Amino acid sequence: MDYETVDAQQFGAGLRGIGLNLLVRDVPAQADFLRDVFGMGAHRVSADFAILTYGDQVMQIHADGTYHSHPLLGLLPESPPRGAGIEIRLYDTDPDAAAARATARGAMILQPPTDKPHGLRETCILCDNGYAWIASLPKPEFRQGT
């Protein structure tokens, strides 16, 4: 699927599995953050909507106003964090590099890169919209091929 040219009906009909769609205050700013910090692909970025890719995974972000008739809009808190209670885990992103890029952008690092007992090295970064993004890789002794 060509995310730059696909129309809304074809895009929607092609989605499978579990989908992630985040409501954000500023779509272009959130897309820039995800592209810069985590290396995501950003497609069809507009004031209202963007398609984001991470490896083979696809997610969407929508501006708050696009949900004007959706019941979820009335539940959004006025100030961050919006995503309290959910972690968005990016298992193929170097946590040290992501934390450095996030720090350079002025993002809040909730947890610096840390080796965890479950075999991952990870960091927790809070974006301006209040979502917790976890960048992680297996610790070196658990990486395949090493």
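**Figure 1. The largest pocket holds about 540 Å³ of space.** Keep in mind that this is a predicted model. There are 25 residues lining the largest pocket, and those closest to its centre are Ile18, Leu20, Gln57, Val58 and Met59. If you'd rather think in terms of elements, helix 1 (8-14), strand 3 (49-54), strand 4 (57-63) and strand 5 (87-90) are the ones that each give two or more residues to the lining.

**Figure 2. What lines the largest pocket, by element and by class.** Which strand gives the most to the lining? That's strand 4, which puts in 4 residues. Sorted by class, the lining comes out as 15 nonpolar, 6 polar and 4 charged residues.

**Figure 3. Cysteine 124 and cysteine 127 sit in no disulfide with each other.** Searching the whole structure turns up 0 disulfides. For cysteine 124, the nearest cysteine sulfur belongs to cysteine 127, and it's 10 Å away. Why is cysteine 127 not bonded to cysteine 124? Its closest cysteine sulfur, the one in cysteine 124, is 10 Å off, so the two are too far apart for a bond; a disulfide would need the sulfur atoms within 2.5 Å. Are these two cysteines buried or exposed? Cysteine 124 has 10% relative accessibility, so it counts as buried. Cysteine 127 has 4% and therefore counts as buried too.

**Figure 4. Lysine 139 is a buried lysine in the segment after strand 8 (132-138).** Its relative accessibility is 13%, and because buried means under 20%, lysine 139 makes the cut. Where does its side chain go? The lysine 139 side chain reaches the backbone oxygen of lysine 116, at 3.1 Å. Leaving aside residues up to four places away in sequence, lysine 139 touches Asp115, Lys116, Gly119, Leu120 and Arg121. Lysine 116 therefore shows up both as the owner of that backbone oxygen and in the list of residues that lysine 139 touches, with the burial of lysine 139 as the backdrop.

**Figure 5. Glutamate 141 is exposed in the segment after strand 8.** Here the relative accessibility is 55%, and since exposed means over 50%, glutamate 141 counts as exposed. That sets it against lysine 139, which lies in the segment after strand 8 but counts as buried. How far is glutamate 141 from glutamine 111, C-alpha to C-alpha? The two C-alpha atoms are separated by 22 Å, with these positions 30 residues apart along the chain.

Conventions:
Residues are numbered from 1 along each chain as its sequence is written. This is a predicted model: local features need pLDDT of at least 70, side-chain atom pairs count only at pLDDT 80 or more; totals for chains, interfaces and linings use all residues. Side-chain values use heavy atoms; hydrogens and water are left out. Buried means under 20% relative accessible area, exposed over 50%, partly exposed in between (1.4 Å probe, protein chains only). On a 1 Å grid over the protein atoms alone, a cavity is a set of points where a 1.4 Å probe fits but cannot get out, and a pocket is an open set with protein on both sides within 12 Å along at least five of seven lines; lining residues have an atom within 4 Å of a point. Grid points are joined across faces, edges and corners, and a volume is the space filled by probe spheres set on the points. Ala, Val, Leu, Ile, Met, Phe, Trp, Tyr, Cys and Pro count as nonpolar, Asp, Glu, Lys and Arg as charged, and the others, Gly among them, as polar. A polar contact is a pair of N or O atoms within 3.5 Å; within protein, one must be able to donate a hydrogen and the other to accept it, and residues adjacent in sequence count only if both atoms are side-chain atoms. Contact means heavy atoms within 4.5 Å.
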